Amino acid sequence: MEQKNDPFKTDKPLYDYNIKYDYSHLPDSLKEIIFELEKFDKDGDWFSYDMKFPELDISAKSYWRNGRITEYDYKTILKKYGGIYD
């Protein structure tokens, strides 16, 4: 597999597939970030994933603080995609 020669690629999952979450009700901008993270995961591109994740964290926190998503949504998104919520 080519990924073994590329230090920026992995064949390990980049987020928790076991957490089931319906994000269809989320604002489109959050869904776009999630779709991009899932694409990076599919490609095994951990570097791009790690660079993009803070955008999800900041955006989700902003939506939560402004009442556009619930605290449950915020915490579940971060738990699923690799963050630690505060």
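# Reading a three-helix chain

Biologist: In the protein chain, take the contacts between residues at least 6 apart in sequence: what percentage join residues at least 24 apart?

Modeller: A contact means heavy atoms within 4.5 Å. In this protein chain, 60% of the contacts between residues at least 6 apart in sequence join residues at least 24 apart. This is a predicted model, where local features need pLDDT of at least 70 and side-chain atom pairs count only at pLDDT 80 or more, while totals for chains, interfaces and linings use all residues. Residues are numbered from 1 along each chain as its sequence is written, and side-chain values use heavy atoms, with hydrogens and water left out.

Biologist: Okay, how many helices and strands does the chain have?

Modeller: Helices (H or I, at least four residues) and strands (E, at least two) are DSSP runs, numbered from the N terminus. Here you get three helices and zero strands, and the pattern along the sequence reads α-α-α. If you want dimensions, the C-alpha trace spans about 45 × 25 × 20 Å along its principal axes.

Biologist: And how do I read the packing of two helices? At what angle do α1 and α2 cross?

Modeller: Two packed helices are described by the angle between their axes and the distance between the axes. Axes are lines fitted to C-alpha atoms, for helices over the stretch in contact, and angles run from 0 to 180 degrees between N-to-C directions. Helix α1 covers residues 28-43 and helix α2 covers residues 46-65; their axes cross at roughly 160 degrees and come within 10 Å. That makes the two roughly antiparallel (under 35 degrees is roughly parallel, over 145 roughly antiparallel, 65 to 115 roughly perpendicular, the rest oblique).

Biologist: Is that crossing left-handed or right-handed?

Modeller: Left-handed. The rule is that the near helix is turned anticlockwise from the far one by less than a right angle; clockwise would be right-handed. On the α1 side, the contact residues include L30, I33, L37 and F40, and on the α2 side they include Y49, F53, L56 and Y63. Overall, the residues of this contact divide into 10 nonpolar, three polar and four charged. For sorting, Ala, Val, Leu, Ile, Met, Phe, Trp, Tyr, Cys and Pro are nonpolar, Asp, Glu, Lys and Arg are charged, and the others, Gly among them, are polar.

Biologist: Which residues of α2 and α3 meet?

Modeller: Y49, F53, L56, D57, A60, K61 and W64 in α2 meet E71, Y74, I77, L78 and Y81 in α3. That contact holds nine nonpolar, no polar and three charged residues. The axes of α2 and α3 come within 9 Å and cross at roughly 170 degrees, so this pair is roughly antiparallel too.

Biologist: Now burial. What share of the residues is buried?

Modeller: Buried means under 20% relative accessible area, exposed is over 50%, and partly exposed is in between (1.4 Å probe, protein chains only). Of the 86 residues in the chain, 41% are buried. In helix α3 (residues 71-81), the buried ones are D73, Y74, T76, I77, L78, K80 and Y81, and they pack against α1 and α2. Right after α3 comes G82, with a positive phi near 110 degrees.

Biologist: Can you walk me through one residue? Which residues does L37 contact?

Modeller: L37 sits in helix α1 and has a relative accessible area of 0%, so L37 is buried. Skipping neighbours within four places in sequence, L37 is in contact with Y49, K52, F53, L56 and Y81.

Biologist: What about the parts outside the helices? What does Y15 touch?

Modeller: Y15 is in the segment before α1, and at 16% relative accessibility Y15 counts as buried. Leaving out residues up to four places away, Y15 touches E38, D41, Y49, K80 and Y81. Y15 and L56 are 41 residues apart in sequence, with their C-alpha atoms 13 Å apart in space.

Biologist: Last one: which side chain makes a polar contact with the side chain of D45?

Modeller: A polar contact is a pair of N or O atoms within 3.5 Å; within protein, one must be able to donate a hydrogen and the other to accept it, and residues adjacent in sequence count only if both atoms are side-chain atoms. For D45, the partner is the side chain of S48, at 2.8 Å. D45 lies in the loop between α1 and α2 and counts as buried at 15% relative accessibility. Not counting residues up to four places away, D45 touches F8, K9, L14 and F40. Another case is T10, whose side chain reaches the backbone nitrogen of K12 at 3.1 Å.
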